[in-house]
Amino acid sequence: MTEPENNFDNKNQITWCPGCGNFSIIAALKNALKTLNYKPHDIVLAGDIGCSSKLTDYVEVNTFTGLHGRVIPLAQGIKLANHKLHVIAIGGDGGLFAEGGNHILHAARRNINITVIVNDNQVYALTKGQASPTSEKKFISGPTPEGTIENPINPLLVALASGATFIARGWAGDNTGLSEIFAQAISHDGFSIVDVLSPCVSFNKINTLEYYKSRVYKLVDDATYDKSDLTQAFEKVRLWGDHIPIGVIHEASGPTYEKQIPVLQKGTLVSQNNGLIDTEKLLDR
Amino acid sequence: MESQNIVVAIGGVAGAGIMESGHLLAKYALASGLFSFMASEYPSLIRGGHNFAMVHITENETNSLTQKIDILVALNEQTVKLHERELKEGSAIIYDSDIIELEKVDGITIQGVPLTTIAKESGGEIIRNTVAIGAAIGLLKGNFSILEETLKSTFEKKGQEVIDMNVRAALKGYRFTQGAGSSFDLSIKHKQIDSQRILLNGNDAICIGAIRSGLKFAAIYPMTPVTSILDYLAAEQNNFNLVVKEPEDEISAIIMTIGASYSGARSLTATSGGGFCLMTEGLGLAGMAEIPLVVVEGMRSGPSSAMPTKTEQSDLDFVLYAGHGEFPRIVLAPGDPTECIEATFNAFNLADKYQLPVIILTDKYLASSLYTINKPDMSEWKIDRGKITTSGNETYSRYELEEDGVSSRLLPGSPGAVTHADSYEHDALGRDSDDPTIRISMMEKRMKKINNLAKELPEPILYGEKDAEITIFGWGSNKSIILDALKLLDKEGIKANYLHLLYVMPFPAYEVAKIFDHTKAALIVENNYSGQMTRYIRSLTGRRITNKLLKFDGRPFLPEEIVKKVKSILNTPLKAQADIKEKND
């Protein structure tokens, strides 16, 4: 397709339910990309599978809709072959923390410069409402008729423990704030993850917009909080219940994965010698 | 006088340098103008298990093992116990007399050498194997200066001290046995050196082919027998501008590889059967999204963990059909390191040209055995990246319906347009669609790539005379073993030929069916239980091969086993053969 103007819009028909948190996520994402003044052709949006990942169809940038649970390795491969691209991975709580749970640990510890956006609606929505790894305990659904007996995963605690250098919690109810968080995450030099609390109007009757409205508070309003302090971050990230902090919870600097690969200091992989390689010395040894 | 044909075997505990000793002997043979073939057996442990390497040294080209041992070099007692029955009249045992006591055996030269003492005197117990190799060359009345040069080149990178120590150790071992075994009459000659000959194993050959083709990215999770591909490529990263990664699992390996390929880098992953199980979802993704992908599947014993370090050809069915749904793929089964280089080079061209997954099927035996080959002339090989572009415009659509089923691939990052890849069924622009008309056109687009591809692939090669008493069918690593069997059969006046199946999918059904028209008797040789290629041939040609030589004990075939089978088939009266055929049908 032709490169669109920098509004990232396209005419594909959106299939989310009215009131879905994804509408807020897509608006915030487009707005962040505009703020950053990125060109559509320099961005790759990699998608998982699920309601969250339908987003790749509705943003006019380079896209790759991959497999359930596998968006993180996909994004890393794309990035390593051409690290000039801005690579954003989008998935849901099921794909990223159940099916593909292993990948986030390693992407985070690599500090590879990609951004992971989690549309965390605490339910499997595309398959019509099963409990997910972030569903609250006692969540009643098809496979859990008497409520889940597992404790939920805290996605950001997992990411933080794995060495992520940027973790943030967003909320679909605050589109402006979400956009600012996305812009910071995408421009962060290293691995960044944004867990977006995003209501599913069809299948999650617990964690609704109203539920979060009365609980979330913005971390930026807390002048005493130092997001570079890992100890404070571990404490803050675990807060849940009546008071849920949103905003950037931790930001640190460290060498990115790409910067530690000598070959990539000469340029992107795709831009390097694409002609016939002389392999004589390999044969002779 | 019979030409040179010597087998030296060396065994000891894992960690004693058994593989290195085998390499050293092979290098000595190469430097003496001789051919050598080395295969090794090792258990899935790092220290303490029994490691064993056999080096078959010959004057004329041979690339297989044989049913004998001329010199058994025993660094421990277990080696003698496990292998003494393979010795025959005239063989010799060289053993470490510091730690092993051996009784005299009639007809066998028992040559004790104080390997431990000599090694310690020369620089350390660790070089017991070098003393032993010196002793073996001494017993064979070889040339020490060739061994010295071999040691120098082997330890070049480790510095003068290591070279000196090894040369001292080898010389002491050499002098100890030189002329000692008067009852041992084998001797190793040296001939004119052919500088075009090299030693190479299948894994290194794959790496060379990949690098030659412009490989840029590899993500490989360690697994026997392909791990050395990971190590080799990683070591060459800075020399050839590669990025080589050891990811968290095989799923990540294949998906990262697909991602890198989407960005435009020639990309590779490698695994064995167990890892390939995890990769199957990625295989389907590459098929659906039309991403060029090259996967090496080095087979080993299965199912499940089975015998992890033993060879087998039991994943043919698996790689042919792995994945759900229908998508085109290419499967190549190279038979030796020469074919590994070329097949890998071609795999990258084919993957790019047809935008689909290509699987290179090898096995533990081919992956890790050392062959003597002629340096391939790659000067005429051309890189073909297919329909790839970095300039988009308003009319660009990723999955445009083209006559040949292959659409232009715009690399992300190209100004002027964006590109889409999709695991869902999609329209020409790459948008999700379950419209029946679009589905039909897109399925047909992908599947018809196979038709053009089939026309391009080379015909299978028939080795030997067309007019033979028996045609042997085989694939992959059995090639060199069967070719050596043909030579043995020829010596006995039996005319046999060999049909080698390298391009397995798409299958050259017409050409293979034609071969059957000229076949008087047929035999198929496979390293598996059920005859997977036999079934595949029957399903695509309607021809049934009833004579099967199958082996699934984790060990490679020996040419002698094939000779025996051929003779038993040819000695079976035709009436009986027909009866067997009827029974099998």
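The following dialogue asks how several statements about a predicted model are justified.

Colleague: What should a reader know about the model and its numbering?

Modeller: The model is predicted, so local features need pLDDT of at least 70 and side-chain atom pairs count only at pLDDT 80 or more, while totals for chains, interfaces and linings use all residues. Residues are numbered from 1 along each chain as its sequence is written, and chains are lettered from A and ligands numbered from 1 in the order in which they are written.

Colleague: Why does the radius of gyration of chain B agree with that of a compact globule?

Modeller: The radius is taken over C-alpha atoms, and the globule rule is 2.2 Å times the number of residues to the power 0.38. For 585 residues the rule gives a value near 25 Å, and chain B has 26 Å, which agrees. The C-alpha trace of chain B spans about 85 × 65 × 40 Å along its principal axes.

Colleague: What makes a residue of α7(B) buried or exposed?

Modeller: A residue is buried if 20 or more other C-beta atoms, placed from the backbone, lie within 10 Å of its own, exposed if 12 or fewer do, and partly exposed in between. In α7(B), eleven of eleven residues are buried, among them B:G202, B:I206 and B:R212. In chain B as a whole, 55% of the 585 residues count as buried. After α7(B) comes B:G214, with a positive phi near 95°.

Colleague: What makes a stretch of chain B a helix or a strand?

Modeller: Both are DSSP runs numbered from the N terminus: helices are H or I with at least four residues, and strands are E with at least two. Chain B has 21 helices and 23 strands.

Colleague: How do you know which strands of the open sheet in chain B are its edges?

Modeller: Two strands pair if DSSP finds at least two bridges between them. The six strands stand in the order β2-β3-β1-β4-β5-β6, with mixed pairing. Strands β2 (35-41) and β6 (109-113) of chain B each pair on one side only, and these are the edge strands. Within the sheet, β4 and β5 of chain B run parallel and are joined by five bridges; B:V73 has B:I94 as its bridge partner in β5(B).

Colleague: Which residues are in contact with B:A136, leaving aside neighbours within four places in sequence?

Modeller: Contact requires that the C-beta atoms of two residues, placed from the backbone, lie within 7 Å. With those neighbours left aside, B:A136 is in contact with B:V8, B:I71, B:V73 and B:I94.

Colleague: What makes a nonpolar core?

Modeller: Such a core is a set of buried Ala, Val, Leu, Ile, Met, Phe, Trp, Tyr and Cys residues joined through C-beta atoms within 7 Å. The largest core has 249 residues, of which A:I78, B:I94, B:A136 and B:L332 touch the most other members. Its largest share, nine residues, comes from helix α13 (residues 337-354) of chain B. A second, separate core of ten residues includes A:C51 and A:F139.

Colleague: How many residues does each chain give to the contact between chains A and B?

Modeller: Chain B gives 54 residues and chain A gives 47 residues. On the side of chain B that touches chain A, the largest share, ten residues, comes from α10(B). Strand β2 (residues 62-65) of chain A also runs parallel to β17(B), joined by three bridges, and A:T65 has B:D422 as its bridge partner.
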